[in-house]
Amino acid sequence: MRIVLLGPPGAGKGTQARRLVEEYDIPHLSTGDMLRAAVDADTGIGREVKDIMVSGGLVPDQLVIAAVIERISQADAERGFVLDGFPRTMAQAVRFDDLLDTEGLVIDHVVELQADETVLLDRIEARAREAREQGGAVRADDNHKTLKLRIDAYNEQTAPLVDYYRSRNILRTVDGLQPVEAVALDVVRAIGQDRSVT
C-alpha cells in the first residue's frame with residue numbers, strides 16, 4: 001500500500017498520515033526527515049545535501065528523489081508507505097514514477113485533502129491565538145503571512161499534481177475540513193480498504 005497525501009498546508013496531511021501509519025503499520029515518509037537521517041548516517045546522499053541544508057538552500061530534485069528511493073528500499077517500507085510532502089512538483093512526480101517503474105513498483109493511492117484557503121487561514125490564526133492564550137508555544141509558521149505564502153506555493157507548484165494523478169485514475173478526493181475522525185474514515189474509504197480507523 002503505497003500512498004501519497006496531497007493537500008494545501010494546514011489541511012491535515014500530517015494528522016491523517018499518522019493515522020494511516022498506525023492502522024496499516026507502514027512508515028510515514030517525510031522528505032525532511034529522510035534527508036536529516038541521511039546526513040546523520042553519513043550516507044552518500046547525506047554528504048551531498050549536508051552543506052545545502054546547513055545553508056538553508058533548497059535540495060535539488062534529483063537528491064530529494066534519490067533520498068526517497070533509498071528510504072523506500074528499506075525493509076520497513078516493503079509493505080508500503082505514506083508519503084506526505086512529496087512529490088511537490090510535476091518534475092518530481094514524473095521522475096519518481098519513472099524510478100518506481102524500474103523497481104517494478106507503483107503508487108497505489110493518492111488522496112487529496114481538499115480545504116478552502118480562507119478556512120485554513122482562519123484555522124491557523126485560531127490555533128496561534130489559542131496557543132498564546134494558554135501560554136504555549138506558537139509555531140513560527142502559524143501566521144497569516146507565512147501560511148499564505150505556503151498556500152500560494154502549493155497552488156503554483158503542487159496543485160497541478162491533482163490532474164496528473166487523476167489522469168492515472170489513482171486520485172481520490174476527501175473533504176479535509178470535516179472533523180478529524182470523519183476525514184480519517186473517508187481517507188480509508190478512498191483507498192478502498194473496508195476497515196475503520198481507530
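Let's start with helix H8 of this predicted model, where Leu161, Val162, Tyr164 and Tyr165 are buried. Looking down the axis of H8, you will find these buried residues within an arc of 165°, so they line one face of the helix. The face turned away from that buried side carries Asp163 and Ser167, both exposed. What do the buried residues of H8 pack against? Their partners are S1, H5, strand S4 (109-114), helix H7 (144-158) and strand S5 (171-175). Just after H8 comes Asn169, with a positive phi of about 60°.

Now to the nonpolar cores. The largest one has 32 residues, and Tyr165 is listed with Leu6, Ile72, Leu83, Phe96, Ile107 and Val110 as having the most contacts inside it. The elements below each supply at least two residues of this core.

| Element | Residue range |
|---|---|
| Strand S1 | residues 2-6 |
| Helix H2 | residues 31-40 |
| Helix H3 | residues 44-54 |
| Helix H4 | residues 61-72 |
| Strand S3 | residues 81-84 |
| Helix H5 | residues 90-102 |
| Helix H8 | residues 160-167 |

Which element gives the most to this core? That is H4, with 7 residues. Ile72 is worth a look in your viewer: leaving aside residues up to four places away in sequence, Ile72 touches Leu29, Ala77, Phe81, Phe96 and Leu100. Apart from this largest core lies another, made of 22 residues, including Val111, Leu113, Ala115 and Leu147.

Note on methods. Residues are numbered from 1 along each chain as its sequence is written. This is a predicted model: local features need pLDDT of at least 70, side-chain atom pairs count only at pLDDT 80 or more; totals for chains, interfaces and linings use all residues. Side-chain values use heavy atoms; hydrogens and water are left out. A nonpolar core is a set of buried Ala, Val, Leu, Ile, Met, Phe, Trp, Tyr and Cys residues joined through side-chain atoms within 4.5 Å. Buried means under 20% relative accessible area, exposed over 50%, partly exposed in between (1.4 Å probe, protein chains only). Helices (H or I, at least four residues) and strands (E, at least two) are DSSP runs, numbered from the N terminus. Contact means heavy atoms within 4.5 Å. The arc is that of the directions from the helix axis to the C-beta atoms.
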